[in-house]
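Open the model in your viewer and keep the sequence panel handy. We'll go from the whole chain down to single residues, one selection at a time.

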Amino acid sequence: MTDKSLLAVMLACFAPLLTSASPPEAAKVCNNESEWTEPTGAFRIFGDSWFVGTCGLSAILIKSPRGHVLIDAPMEENVPALEANIRAAGARLEDVRAIVFSHAHHDHIGGLATLARDTGAQVHGRGFDADMAEAGHALPGDPQLKVSRNFPPVRPVDRNVPGKPLRIGGVMLTPIATTGHTPGSTSWTWRSCEAGRCVQMVYADSLTAVSDDDYRFSNDAAHPGYLPQFKASIARIGALRCDILLTPHPSASEMWQRFGPTAHQPAIDRKACKALSARAAAQLDERIARERGGQP
Ligand SMILES: [Zn+2]
């Protein structure tokens, strides 16, 4: 046994003692925590909220006796693993009533059309990204228009209103507009309860300023008001009531340190959203400084 695998076994043994989340169930340690297609199995995050994604891409299942909600359907090639994870979480595919998503790039919704078909779930999305989900490709206005990969289109997408809770079965999810990474980027909050304790869950969408080489977030003439909206989104995440932070890329919020078989830090971290917001604000400031210096 290598030192690394010994450490992994030790962490797996002690994780249940060190975190306030339930012990991992049927989950496996990631060889590469950023690998988009590496399976990691399903495990409970807190209460009825389960991780059903892969090592490098999140998908979250919120279970309820009157129907479940899935957040994100990362990549077409991951669908068999995602469906196996949903079943491993103790849910039937046909009981998934709704699928919502963070933003309409293939790494987060490439499996959405197939999962919507296999579950019969209604898909909900916000504005511009609902349009991209239905198109199956990026649209002008997406900072990553040229580098985004196409994906199977999803039709129809029900348009949700930011801030207005979505009641699905026994789940109440609130969409939060976090325009920036894409124009229709959406974050989600809900409550999960376990052993009489309820916590506020936040699924904060990507806040990274990533783009095509010729896109400038600071070019207000090309996309009026986009940069102030992006800054407001980052501030909005920092101001949320936030007990448990989750992100579409687990690495963006160090999820593997707090959940799953290698967890060694508390699942609940009330400062996590503030810290994510501060990192995103600093990254955006650096990006704008580079743009003003003539670089992307
Ligand atoms: Zn993206």
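Before we click on anything, one term: two strands pair if DSSP finds at least two bridges between them. With that settled, here is the tour of this predicted model.

**Whole chain**

Start zoomed out, with everything shown as cartoon. You should find eight helices and 12 strands. The radius of gyration is 18 Å, close to the 19 Å that the globule rule gives for 296 residues, so the chain is as compact as a globular protein of that length. Along the principal axes, the C-alpha atoms fill a box of roughly 55 × 40 × 35 Å. Of the 296 residues, 48% count as buried. Among contacts with a separation of 6 or more, 64% come from residues 24 or more positions apart.

Now colour by pLDDT. The average for the chain is 91, and 91% of the residues score at least 70. Select residues 6–24 and the colour changes: pLDDT stays under 50 there. For that stretch the model has 30 contacts beyond four places in sequence.

**The seven-stranded sheet**

Next, pick out β1 to β7. They make an open sheet in the order β1-β2-β3-β4-β5-β6-β7, and the pairing is mixed. Which strands sit at the edges? Select β1 (43–46) and β7 (157–159): each pairs on one side only. Neighbouring strands in this sheet are turned against each other by 30 degrees on average, ignoring direction.

Zoom in on β2 (residues 49–51) and β3 (residues 60–62). These two run antiparallel and are joined by three bridges. Click W50 and look across to β3, where its bridge partner is L61.

Then move to F43, in strand β1. Is F43 buried or exposed? A residue is buried if 20 or more other C-beta atoms lie within 10 Å of its own; F43 has 23 such neighbours, so it counts as buried. Draw a distance from the C-alpha of F43 to that of I60: the two are 17 residues apart in sequence and 10.0 Å apart in space.

**Helix α5 and its surroundings**

Select residues 127–135. This is α5, which lies across β6 (122–125) and β7, running at about 170 degrees to β7. Show side chains for D129, A130, M132 and A133, which are buried. They cover an arc of only 160 degrees around the axis, which puts them on the same side of α5. What do the buried residues of α5 pack against? Turn on α3 (106–109), α4 (112–119), β6, β7 and β10, and you have the set.

Step off the end of the helix to G136, which follows α5 and has a positive phi, near 85 degrees. Carry on along the chain to P156, in the loop between α5 and β7. The peptide bond from R155 to P156 is cis, with omega near -5 degrees.

**The five-stranded sheet**

Hide the first sheet and bring up β8 to β12. These five strands form an open sheet in the order β8-β9-β10-β11-β12, with mixed pairing. At the edges stand β8 (166–168) and β12 (244–246); each has a single partner strand, so one side of each is left without a neighbour in the sheet. From one strand to the next, the twist averages 25 degrees.

Focus on β9 (residues 171–177) and β10 (residues 186–194), an antiparallel pair with four bridges. Two positions to click: P175, whose bridge partner in β10 is W188, and A177, whose partner in that strand is T186.

Now shift to the other side of the pairing, β10 with β11 (residues 197–203). Seven bridges join these antiparallel strands. Click T189, and you'll find V202 of β11 standing opposite.

**Two residues with positive phi**

Stay with that hairpin, which has two residues between the strands, and select A195. Its phi is near 50 degrees, a positive value in a residue other than glycine. A195 is exposed, with 7 other C-beta atoms within 10 Å.

For the last stop, jump back to D72, in the loop between β4 (68–71) and α2 (79–88). Here too is a positive phi in a residue other than glycine, near 75 degrees. D72 counts as buried, with 28 C-beta neighbours inside 10 Å.

Conventions: Residues are numbered from 1 along each chain as its sequence is written. This is a predicted model: local features need pLDDT of at least 70, side-chain atom pairs count only at pLDDT 80 or more; totals for chains, interfaces and linings use all residues. Axes are lines fitted to C-alpha atoms, for helices over the stretch in contact, and angles run from 0 to 180 degrees between N-to-C directions. Two residues are in contact if their C-beta atoms, placed from the backbone, lie within 7 Å. A residue is buried if 20 or more other C-beta atoms lie within 10 Å of its own, exposed if 12 or fewer, and partly exposed in between; C-beta atoms are placed from the backbone. pLDDT is the predictor's confidence in each residue, from 0 to 100. The radius of gyration is taken over C-alpha atoms; the globule rule is 2.2 Å times the number of residues to the power 0.38. The arc is that of the directions from the helix axis to the C-beta atoms.
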